[in-house]
Amino acid sequence: MLRSITSRREWSVSGSTAERSPVSRGARDLVLAQGAKFVLQFGSLAILSRILSPAEFGVVAMATAIVALGEVVRDAGISTATIQASELPTALRSNLFWLSVAIGGVLSAALFVAAPVVGRIYANEAVVDVVRVLSCVFIIASLGAQYRASLVRGLRFRPVAVADGMAYGVGALVAVLAALWGAGVWALVVQQIVIAIVTSAALAIASAWLPGRPRRHVGTRPILRVGWNILLTQAIGSLSRNADALVIGRYFGASALGYYNRGFQLMMLPMSQISGPATSVALPVLSRAREEPERLRKLAERAQSAFLVPLFVGIGLIVVLAPLIVQILLGDGWDRASDIVRILGLGAAFQGASYLSYWLFVSTGQTGLHFRLTLATRPVLVCALLVGAAFGMDGVAWAYSLSTGGIWVASLYALRATPGLRVGVFFRNAALLLFVHVGAVVIALVVGGQSSSLVTSAVLGGSAYALAIIVGYLLVRDCRLAAVVAIEFIRSSISKIG
């Protein structure tokens, strides 16, 4: 139960006073940076969607589905293994830096050469040049990977937050200006490149460290063994996460993928804003508690509540207000995206619930188990997407959402033998929160559906959703206690602002 996490005196992201200050400050900085990024995302999305067509968004989405897989391979699990490692000597850090750069360079060259193959997969020649230009992102991002990992490992979250926020701001500005000047699809391409350049440069400056020459016998192999399991797991996960875009792009074309991509991005906005900072904080903190099962369990329960409550609230609100949000942000001609947003809402919730399992697999050193789980479950997701394609774009979205729920349950089951963890409690807590929020969304959709006006429907639905959430949390004790934890986390994160 959540009783162990209700004490205000005990509550913090970590259980110790020594860790509380840097983690709270870091969480605050990450939350503030993500808030700024959130505003920039909404603003740039609203402008770009009114300038560029669904087909132009679709072409870039085709390319980024491939680039996303390459990005996982580029990291090779090294960053996560660096954060999780018990020791990181300077010589080892230098070796990992050069290894990351070498992998990034090889991938950039490989993707550039393979671009025509990508074009044939999608039966769309326009994607070939886009893939070739975007291939440079790998080598650029690899230059900053070890700097980011070292900063996160040292709980120095502020420079990471500043780098991410500044990079997205500059990238969004460049993309909007390029789109206004008639760059078309290349406005979205240059945005990705600018973000990579600014991020790597800012992280390097913040780290104030230059790598030395590579050396032997400094402990590189153990890091690579851990990284290998993480790489395989993340590569399969990335392929399955982007399989929906691959299926839609291949069978339904660039325009359909443009609608799906915009709907997917809108639905995942709460996730993208919360999951990055949460993972940056959770992994190093949980890793430090892995030798203390009872403390690890308490931290995991607190992390689950602090993460899922605001995430589920945000997802539910977007589902309820989807037609109005699409109209405001994307403009006319994007109505089809609102259907995708609503279907993907359940999948986003299941995906969010799965984050705790990922944190625990990595922080407890069970990356091999995580890989085997991924190898067993992700092919099922891909098969489901292919079956869903027979029912059109909506069928693909439903297949993604329902399959993600099965993966969440399987991930918790795989952790059942981990000392100190009570996976039944994790499942029960997330399921109760999910039940309350799904119920509130259903009520809100029924109430909002009484009006044909977008604004009136949004006001009625939003009000009903808020009231249903309040009543649900008051009636369900464990949800009420989870909300207390989330509020305490948010309060501790922003209390030092200024």
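This text leads the reader through a predicted model of a protein chain, from its overall make-up to individual contacts.

The chain is built from helices: there are 19 of them, and the number of strands is zero. Of its 498 residues, 57% are buried. Among contacts with a separation of 6 or more, 83% join residues that are 24 or more positions apart. Several of the contacts described below link parts of the chain that are far from one another in sequence, as with the pair Glu-301 and Arg-422, 121 residues apart.

The packing of two helices may be taken up next. Helix α14 spans residues 335–363 and helix α15 spans residues 367–388; their axes are 7 Å apart and form an angle of about 140°. An angle over 145 degrees would count as roughly antiparallel, and 65 to 115 degrees as roughly perpendicular; α14 and α15 are therefore classed as oblique to each other. On the α14 side the contact is made by Tyr-358, Phe-361 and Val-362, and on the α15 side by Thr-367, Leu-369, His-370 and Leu-373. Sorted by class, this contact comprises five nonpolar residues and two polar ones, with no charged residue.

Charged side chains take part in interactions elsewhere in the model, which holds ten salt bridges. One of these joins Arg-297 to Glu-301, with an N to O distance of 2.9 Å. Both residues belong to helix α12 (residues 293–320), and because they are four residues apart there, about one helical turn separates them. Arg-297 and Glu-301 are both buried. For Glu-301 the relative accessibility is 0%, so this residue falls in the buried class.

Glu-301 has a further partner in Arg-422, with the closest N and O atoms 3.3 Å apart. Glu-301 lies in helix α12, whereas Arg-422 lies in the loop between α16 (392–414) and α17 (423–448), so this salt bridge ties together parts of the chain that are 121 residues apart in sequence. Arg-422 has a relative accessibility of 37% and therefore counts as partly exposed. These interactions belong to a network of salt bridges that links Glu-294, Arg-297, Glu-301 and Arg-422.

Another salt bridge connects the side chains of Asp-394 and Arg-336, at 2.9 Å from N to O. Asp-394 is in helix α16 and Arg-336 in helix α14, so the pair ties together parts 58 residues apart in sequence. Asp-394 is partly exposed at 25% relative accessibility, and Arg-336 is likewise partly exposed, with a relative accessible area of 29%. Helix α14 thus appears both in this salt bridge and in the contact with α15.

Aromatic side chains provide another set of interactions, with a count of 13 aromatic pairs. In one of them, Phe-97 and Trp-98 adopt an edge-to-face arrangement, with 5.0 Å from centre to centre and 85° between the planes. Phe-97 is buried at 5% relative accessible area, while Trp-98, at 37%, is partly exposed. Together with Tyr-147 and Trp-209, Phe-97 and Trp-98 form one aromatic cluster.

Helix α4, which covers residues 90–122, contains Ser-108. The relative accessibility of Ser-108 is 10%, so Ser-108 counts as buried. Apart from residues up to four places away in sequence, Ser-108 touches Ser-135, Cys-136, Phe-138 and Ile-139. Ala-123 is found in the loop between α4 and α5 (126–134). Its phi angle is near 55°, a positive value in a residue other than glycine. In contrast to the buried Ser-108, Ala-123 is exposed, with a relative accessible area of 61%.

A final site lies in helix α13 (residues 322–330), where Gln-327 is placed. Gln-327 is partly exposed, its relative accessible area being 26%. When neighbours within four places in sequence are left aside, Gln-327 is in contact with Arg-50, Asp-332, Asp-335 and Leu-454. Of these partners, Leu-454 is 127 residues from Gln-327 in sequence, yet their C-alpha atoms are 8.9 Å apart in space.

Key. Residues are numbered from 1 along each chain as its sequence is written. This is a predicted model: local features need pLDDT of at least 70, side-chain atom pairs count only at pLDDT 80 or more; totals for chains, interfaces and linings use all residues. Side-chain values use heavy atoms; hydrogens and water are left out. Axes are lines fitted to C-alpha atoms, for helices over the stretch in contact, and angles run from 0 to 180 degrees between N-to-C directions. Angles under 35 degrees count as roughly parallel, over 145 as roughly antiparallel, 65 to 115 as roughly perpendicular and the rest as oblique. Contact means heavy atoms within 4.5 Å. Ala, Val, Leu, Ile, Met, Phe, Trp, Tyr, Cys and Pro count as nonpolar, Asp, Glu, Lys and Arg as charged, and the others, Gly among them, as polar. A salt bridge is a side-chain nitrogen of Lys or Arg within 4 Å of a carboxyl oxygen of Asp or Glu. Buried means under 20% relative accessible area, exposed over 50%, partly exposed in between (1.4 Å probe, protein chains only). Rings of Phe, Tyr and Trp (its six-membered ring) pair if their centres lie within 6.5 Å; planes under 30 degrees apart count as stacked, over 60 as edge-to-face and the rest as tilted.
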